[in-house]
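This report introduces one protein chain to a reader who has not met it before. Please look at the sequence and the model first.

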Amino acid sequence: MEFLMTIIFSILWPIKGIIYMEEQALQWIFAIGTVYLREYGYILLILLGIALMLSFGHYRRVLYGARGAIVATIVLLITVIINVCLAWFYLIYGAINGRMADTHQPFRLSVRRDPRNRLRLVLDRTNPSLHYRLGRWLYRSFNRILLHIPQINPQFCSALARVIALVVILWGIWNIPYDLTH
């Protein structure tokens with residue numbers, strides 16, 4: 001529990017923007033996954049060796065299946081990276097666009113893999129991205145708060161709400177290259 005609180009505290013403090021917090025969470029997941037693979041990876045190798053011994057007559061199929069699993073894992077990793085970048089794009093786009101009506105929502109573009117480990121672009125016309133909704137919600141919230149200030153121009157209020165929403169989203173993003181390389 002103390003370790004989990006350390007992770008949560010390091011993600012939230014010092015105050016970070018939404019993209020930077022998501023990057024920190026992904027980095028923690030990668031770090032913990034790497035530690036578990038180093039500590040318990042030998043179990044995976046032992047199980048693979050047992051599977052090869054049990055299927056000695058069919059070892060080509062086992063090796064082909066292992067190769068397919070490795071390719072599928074690489075394709076899945078590429079898919080996750082592309083989807084995270086698209087999610088961040090939709091987050092920024094939602095804060096910039098931020099329309100009050102739901103009629104101008106963008107189509108949701110996502111990357112998936114098919115059973116043959118090929119990447120496919122999927123365009124969802126019915127359900128906009130959660131990150132787009134979050135960006136739009138930030139804009140709307142700040143716009144509503146700023147409209148309560150008396151004698152303020154609504155166009156200026158809208159522009160200021162977009163700027164504040166972008167600051168909340170992008171704060172600390174300049175630290176990401178350093179965090180990824182150290």
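The text below goes from the whole chain to its core, its surface and a few single residues.

**Overall make-up**

The model is predicted. Its chain has 182 residues, of which 27% count as buried. The secondary structure consists of six helices and two strands. Read from the N terminus, the elements follow the order α-α-α-β-β-α-α-α. Among contacts with a separation of 6 or more, 61% join residues that are 24 or more positions apart. The exposed area of the chain is about 13300 Å², and 71% of this comes from carbon and sulfur atoms.

**The nonpolar core**

The largest nonpolar core has ten residues: I18, I19, Y20, W88, L91, A95, L138, A165, I169 and I176. At least two residues of this core come from each of α2, α3 (59-97) and α5 (154-170).

Two members of the core can be followed through their contacts. I169 is in contact with G17, I18, I19, L91, I92, A95 and L138, when neighbours within four places in sequence are left aside. Y20 belongs to helix α2. Under the same kind of exclusion, of residues up to four places away, Y20 touches W171, G172, N175, I176 and D179. The C-alpha atoms of Y20 and L170 are 7.3 Å apart, although 150 residues separate the two in sequence.

**Helix α4**

Helix α4 covers residues 130-147, which makes 18 residues. From first C-alpha to last it reaches 25 Å, close to the 26 Å expected at 1.5 Å a residue. The buried residues of α4 are H131, Y132, G135, R136, L138, Y139, R140, S141, N143 and L146. In an α-helix, residues three or four places apart point the same way, because there are 3.6 residues a turn. One of the buried residues of α4, L138, is also a member of the largest nonpolar core. H131 is located in α4 as well. Not counting residues up to four places away in sequence, H131 touches E22, A87, Y90 and L91.

**The surface**

A nonpolar patch on the surface is formed by Y36, Y40, Y42, I43, I46, L47, I50 and L54. Together these residues have about 880 Å² of accessible area. I46, one of them, is found in helix α2, which spans residues 18-54.

Q151 is placed in the loop between α4 and α5. Its phi is near 60 degrees, a positive value in a residue other than glycine. Most residues other than glycine have a negative phi.

**Burial of four residues**

The table sets out the relative accessible area of residues discussed above.

| Residue | Relative accessible area | Class |
|---|---|---|
| Y20 | 8% | buried |
| H131 | 18% | buried |
| I46 | 48% | partly exposed |
| Q151 | 86% | exposed |

The classes follow from the cut-offs, since buried means under 20% and exposed means over 50%. H131, at 18%, therefore counts as buried. I46, at 48%, falls in between and so is partly exposed. Q151, at 86%, is over the limit for exposed residues.

Key:
Residues numbered from 1 in each chain as written. Predicted model: local features only at pLDDT ≥ 70, side-chain atom pairs only at ≥ 80, totals over all residues. Heavy atoms only, no water. Helix = DSSP H or I, 4+ residues; strand = E, 2+ residues; numbered from the N terminus. Expected span 1.5 Å × (residues − 1). Buried < 20%, exposed > 50% of the residue type's maximum accessible area, 1.4 Å probe, protein only. Patch = residues over 30% accessible without salt bridge, like charges linked within 9 Å, V, L, I, M, F, W, Y side chains within 5 Å. Areas by Shrake-Rupley, 256 points an atom, 1.4 Å probe, with all protein chains shown as cover. Salt bridge = Lys/Arg side-chain N within 4 Å of Asp/Glu carboxyl O. Contact = heavy atoms within 4.5 Å. Core = buried A, V, L, I, M, F, W, Y, C linked by side-chain atoms within 4.5 Å.
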